[in-house]
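Trainee: Got a minute? I'd like to walk through this model with you.
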2 protein chains.
Amino acid sequence: MQLDNRKKEVLHAIVDDYVSTNEPVGSKSLIERHSFQVSSATLRNDMAELEHLGLIEKPHTSAGRIPSDKGYREYVNSLMTIEELSPKEQLEIEKRIDSSVNEVTDLIKNATHTLSETTGFVSLAMSPRLKKSFLKQLKILMIEPGKALVVMVLSAGVVKDKVVRIPNFLNDEQIMKISGAIEKNLTGKPLDEITLVTVESAGKGTEVPEPLLKQVLYEAYAAIKQADELNIYLEGEHRMLNLPDFSSLGRARDLLGTLSDSGMVAGYINEMENVREHSGDDSFMIRIGQEIALEGLDDCSFITATYNLTDSVSGNIGVIGPKRMLYSKVISQIDFVKKKLNKEMQRLTEI
Amino acid sequence: MQLDNRKKEVLHAIVDDYVSTNEPVGSKSLIERHSFQVSSATLRNDMAELEHLGLIEKPHTSAGRIPSDKGYREYVNSLMTIEELSPKEQLEIEKRIDSSVNEVTDLIKNATHTLSETTGFVSLAMSPRLKKSFLKQLKILMIEPGKALVVMVLSAGVVKDKVVRIPNFLNDEQIMKISGAIEKNLTGKPLDEITLVTVESAGKGTEVPEPLLKQVLYEAYAAIKQADELNIYLEGEHRMLNLPDFSSLGRARDLLGTLSDSGMVAGYINEMENVREHSGDDSFMIRIGQEIALEGLDDCSFITATYNLTDSVSGNIGVIGPKRMLYSKVISQIDFVKKKLNKEMQRLTEI
DNA sequence: TGTTGGCACTCGAAGCGATAGAGTGCTAAT
DNA sequence: ATTAGCACTCTATCGCTTCGAGTGCCAACA
């Protein structure tokens with residue numbers, strides 16, 4: 001994008017003004033609010049040029065300009081400067097993210113909640129992708145005849161469990177044998193390398209009748225697979241209704257409708273994450289307006305960062321807000337929450 | 001309420017018409033839509049009377065009437081007749097509530113989701129109140145030095161667990177001893193009779209140094225207390241935006257704002273539940289409009305039923321919809337979902 | 001006494017025209 | 001390349017009128 005300096009400044013100013021006023025900005029008010037050394041007529045020429053490049057657009061013929069998706073993109077990529085949060089803001093976040101929590105899930109919910117409160121937008125987080133973590137322990141506990149609990153401890157310090165049905169007449173001792181065999185043979189294996197076949201061969205040699213054994217092994221396998229399922233946490237959907245951008249009920253409805261299908265949102269984040277991984281970019285994922293392939297989010301921007309539970313186990317945390325947002329501020333907020341989250345995660349996972 | 005028959009019919013008709021059209025209903029249209037054997041002038045007199053009794057009201061001087069909270073209340077208490085769902089509707093619900101689920105929590109989420117889809121409103125459920133259930137098993141598993149998992153099996157077939165911190169240098173054997181002592185002494189006790197003192201005395205006699213023992217016992221106690229904490233599940237908040245009743249953004253915002261504070265909603269349900277228990281009424285709790293002591297729910301009705309996990313362990317499931325709803329239909333839907341839920345719960349809890 | 005037809009009155013919703021104001025594009029001069 | 005000036009455009013808004021559904025009340029009637 002070959003823009004001379006003044007044009008860059010003009011675009012910057014238009015984005016800033018539009019973000020803060022929510023009104024299309026015209027050449028005159030631009031002169032008033034900023035100290036350009038040229039006249040409004042000159043800015044009009046520049047604006048015509050920016051419009052030609054598709055960076056800004058007019059809602060109607062005789063109105064001011066608003067940034068287009070492409071304009072916001074240019075702003076985010078090359079114009080804005082990111083500042084650190086003030087110590088006060090940092091403290092506020094530190095305080096809200098509770099350090100007394102002992103489970104990863106609670107910690108993530110905590111961070112999501114905090115992020116929604118500090119940004120005033122919808123926040124969301126994906127649970128850690130555990131497929132690269134490995135099994136450290138697996139125990140099967142009898143609950144009552146026919147029912148057992150599979151408890152797994154994963155390398156990332158995460159504990160998962162699942163209630164499963166087992167044949168009624170299996171006794172404690174048999175279950176212990178099977179449990180021991182699985183644990184012995186699968187400990188240290190990453191979850192994504194564990195298949196039904198692996199589990200079945202791990203259980204071989206246990207002196208339990210074949211069909212019964214097979215059922216238990218299947219259930220154990222199902223429990224392991226369930227452990228690496230992804231969860232998504234969304235918070236603060238109602239905040240969108242406070243934004244003038246969604247004062248039209250139709251838009252608000254479409255947006256909340258889409259967000260209510262958390263599976264769809266999770267799928268989209270996963271997709272984005274794959275792109276990020278392959279592009280080698282390790283900081284933020286930013287999607288603006290139509291770039292987001294979800295219905296009803298045309299007027300939104302979607303920003304996520306990646307947090308790490310361990311080196312190989314990570315998840316995402318971020319916000320969905322209006323396109324018309326203070327990008328630099330929001331990005332610093334996400335960044336700070338992410339860092340705090342990483343710190344707490346480390347506390348939880350180090351022995 | 002001493003109302004002659006025709007006045008009852010008039011109120012009935014006004015509620016029905018208003019529910020289906022969402023427009024204030026006048027004497028003339030009342031004549032048109034129903035076969036009253038009198039003139040519109042007569043109905044006008046009746047309506048003036050009903051207004052005097054506070055059962056209906058006018059949005060403004062020259063408009064038709066709409067039911068007041070008191071009017072809806074009268075309708076619900078003595079006018080409406082409840083019909084069973086059609087076999088088709090029943091089947092639809094049966095199908096949606098999945099029978100392959102093995103955990104109570106999943107089952108409840110499932111039922112909540114179904115209820116929101118069938119009614120088109122916000123649905124919600126409270127997790128079972130476990131304080132009357134008793135401990136069947138309690139195991140403490142070492143995860144790694146300094147970290148353990150407390151697993152509890154409760155009488156209602158519910159499994160709960162919590163990761164806890166323990167002193168670093170406790171070994172497997174010591175933990176097993178403590179775990180065994182607690183289990184031995186507390187099995188069969190209802191959760192609400194277990195206090196820190198009970199747990200501490202249960203752990204006595206274990207050959208583990210005093211301060212270490214005390215910490216573990218405290219953590220075990222905390223885990224037990226956490227097990228009977230209540231959870232609330234809310235679904236379909238976005239559906240409210242589809243209702244003409246909430247087309248004013250302000251109302252929608254207040255409503256969703258309140259619902260987003262799930263703790264507050266849970267507290268309110270608990271309060272309602274206490275009233276129900278003491279009044280001996282065992283069917284539905286219905287709260288209409290201003291009867292609901294929650295901000296922003298003035299235009300809503302709140303209907304819940306009680307489901308049972310076992311005889312002494314129960315929770316609630318219901319909906320929050322607009323006051324202007326088809327009460328008889330919604331009540332049958334809740335009732336049917338509740339019955340189905342009870343059935344599935346029984347399947348899960350019977351050995 | 002309960003019911004009815006008639007009538008004047010009320011009030012919001014919808015449609016219309018005029019006006020104001022912010023903004024644009026273009027042209028001609030610097 | 002920049003600027004002043006001007007004609008033009010489009011929306012938002014205000015006030016005005018009209019329309020219609022609905023009400024309350026009164027006098028007449030069974």
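Trainee: Which strands of chain B does helix α12 lie across?
Mentor: Helix α12 (residues 327-349) of chain B lies across β8, β9 and β10 of chain B. The helix runs at about 25° to β9(B). Helices (H or I, at least four residues) and strands (E, at least two) are DSSP runs, numbered from the N terminus. Axes are lines fitted to C-alpha atoms, for helices over the stretch in contact, and angles run from 0 to 180 degrees between N-to-C directions. Contact means heavy atoms within 4.5 Å.

Trainee: Any ground rules?
Mentor: The model is predicted: local features need pLDDT of at least 70, side-chain atom pairs count only at pLDDT 80 or more, and totals for chains, interfaces and linings use all residues. Residues are numbered from 1 along each chain as its sequence is written, chains are lettered from A and ligands numbered from 1 in the order in which they are written, and side-chain values use heavy atoms, without hydrogens and water.

Trainee: What is the strand order in the open sheet of chain B?
Mentor: β7-β3-β10-β9-β8, with antiparallel pairing. Strands pair if DSSP finds at least two bridges between them. The edge strands are β7 (232-235) and β8 (284-288) of chain B.

Trainee: And which helix touches β3 and β7?
Mentor: Helix α11 (residues 262-279) of chain B packs on the sheet and also touches β8, β9 and β10 of chain B.

Trainee: New topic. What rotation superposes chain B on chain A?
Mentor: One of 180°, with 0.0 Å of shift along its axis and an RMSD of 0.1 Å. The fit is by least squares on the C-alpha atoms of residues with pLDDT of at least 70 in both. The two copies are therefore related as by a two-fold rotation axis.

Trainee: Which C-alpha of chain B is nearest the axis?
Mentor: That of Leu249(B), 3.4 Å from the axis.
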